[in-house]
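Biologist: I'm new to this one. Can you walk me through it?

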Amino acid sequence: MVYPRTWSPVVTVFFLLCAAASATHSNNWVVIVSTSKYWFNYRHQVNALHVYAAVKRWGIPDDRIILMLAEDVACNSRNPFPAEVYGPGRGKNLHTPTIEVDYRGIEVTAGAFLRLLSDQHPEHFPASRRLLSDENSNVLIFLAGHGGDLFMKFQDSEEVSAQDFADAFLAMRLKRRFHELLLIIDTCQADTLYSTVRTEGIIAVGSSLKDESSYSLSQDPQIGVSVVDRFSHYLAAFMSSADTKTTVAQLLSSFRIEALGSTVGHRADLISRPLSEVLLHEFFGDNATWIAWGHSLRSAAVDVESLAPLRKNTFSSSLSACPSQLLRKPPAAENSLEFSPALAAALALLASWFVTIWFFG
């Protein structure tokens, strides 16, 4: 006797759950890079720290954030606010005591960035400085710095080309290092940097089209330089009011050429769903954290300190204060005589006078 083929409710539910699992992600990773050295590129670090603050606020712990800062503006001798970094209006210090910088200064190179994406590190390389994503990871990559047609500068001496980006993303896909990837770049002619990418599962957003510049927003008279770029400023402003139902399409529609001075570009042809169905929370927020803490996925603000139990380690790899502050004299010595250059010159003059009197009477 031949029975007709029918699906039992249990089998149907099983396949639906499998399909849902394959279409979602289980963890998030973030790579944030400020590629420019020199004090006058202060704004590029502010751009990066705005994104760092956003992902921390949305629940991603530091052990899944790779922060690369090519210039330590917080401890630059020109900084009138040592160990602090501010955006427009000098409201909130972005260089918080809990910030964890994984690569700083000369460590931020084109090679280090590409090795990070492909996980081609030497043996015994610290796990805290590796992108340990997998095929179930949604990865957000944000870069801010100087660039041009088909290239982005690192340390003002190296370049990552559009083909380098394309090759790195292909290698990541072949190694199953991401489920979906959101690339955001704030630089001149940013739209050209992902023009050669052919790897599926990638969304790309750039602050300017080919032959367009990406402009700074404002200058702080006391700091003496521009403190943020326009694209990153409006990105941070949008993220501060977004919630977990906000989509990438809504983010893109919020940018105005009149405010930016440039046209925001994007690629959406490498992903199978429309951007109106892609939630920002899928990349800026931590999926595991929301589930673990039982959030309703409505609030965009998470108490960062409450995430400590979820971290694999709470050690900060950066100093919250500059070395010059950490090595202050003890109180008894602060009132002692300072051996300044002026005092040294005066003593030298006095010594020469005594020598002259001694020999020539």
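Modeller: We'll take the sheet, then a helix, then the aromatic rings. Keep in mind that this is a predicted model.

Biologist: Sheet first. In what order do the seven strands run?

Modeller: The order is 3-2-1-4-8-9-12. The sheet is open, and its pairing is mixed.

Biologist: Which strands stand at the edges?

Modeller: Strand 3 (103-104) and strand 12 (265-267). Each has a single partner strand, so one side of each is left without a neighbour in the sheet.

Biologist: And strand 4 with strand 8: parallel or antiparallel?

Modeller: Parallel, over seven bridges. Strand 4 covers residues 137-144 and strand 8 covers residues 180-186. Val139 stands opposite Leu181 of strand 8.

Biologist: Which strands does helix 2 lie across?

Modeller: Helix 2 (residues 42-57) lies across strand 1, strand 2, strand 4 and strand 8. Its angle to strand 1 is about 165°. Helix 3 (residues 110-118) also packs on the sheet. Helix 3 touches strand 1, strand 2, strand 3 and strand 4, and makes about 170° with the direction of strand 2.

Biologist: New topic. How far does helix 5 reach?

Modeller: Helix 5 (residues 230-241) spans 17 Å from first C-alpha to last. That is close to the 16 Å expected for its 12 residues.

Biologist: Which of its residues are buried?

Modeller: Phe231, Ser232, Leu235, Ala236, Phe238 and Met239. Down the axis of helix 5, the buried residues fall within an arc of 165°, so they line one face. On the other side, Ser240 and Ser241 are exposed.

Biologist: Now the rings. How many aromatic pairs are there in the whole structure?

Modeller: A search finds seven. One of them is Phe165 with Phe169, a tilted pair. Their centres are 6.1 Å apart, with 40° between the planes.

Biologist: Where do Phe165 and Phe169 lie?

Modeller: Both are in helix 4 (residues 162-174), four residues apart, or about one turn. Phe165 is buried at 0% relative accessible area. Phe169 is buried too, at 0%. Phe231 and Phe255 form another pair, this one stacked: 4.8 Å between centres and 25° between planes.

Biologist: What does that second pair tie together?

Modeller: Parts that are 24 residues apart in sequence, because Phe231 lies in helix 5 and Phe255 in the loop between helix 6 (248-254) and helix 7 (257-260).

Biologist: Are those two buried or exposed?

Modeller: Phe231 is buried at 3% relative accessibility. Phe255 is buried at 9%.

Biologist: Last one. Which residues form the aromatic cluster?

Modeller: Phe113, Phe154, Phe165 and Phe169 form one cluster.

Definitions and conventions: Residues are numbered from 1 along each chain as its sequence is written. This is a predicted model: local features need pLDDT of at least 70, side-chain atom pairs count only at pLDDT 80 or more; totals for chains, interfaces and linings use all residues. Side-chain values use heavy atoms; hydrogens and water are left out. Two strands pair if DSSP finds at least two bridges between them. Helices (H or I, at least four residues) and strands (E, at least two) are DSSP runs, numbered from the N terminus. Contact means heavy atoms within 4.5 Å. Axes are lines fitted to C-alpha atoms, for helices over the stretch in contact, and angles run from 0 to 180 degrees between N-to-C directions. The expected span of a helix is 1.5 Å times one less than its number of residues. Buried means under 20% relative accessible area, exposed over 50%, partly exposed in between (1.4 Å probe, protein chains only). The arc is that of the directions from the helix axis to the C-beta atoms. Rings of Phe, Tyr and Trp (its six-membered ring) pair if their centres lie within 6.5 Å; planes under 30 degrees apart count as stacked, over 60 as edge-to-face and the rest as tilted.
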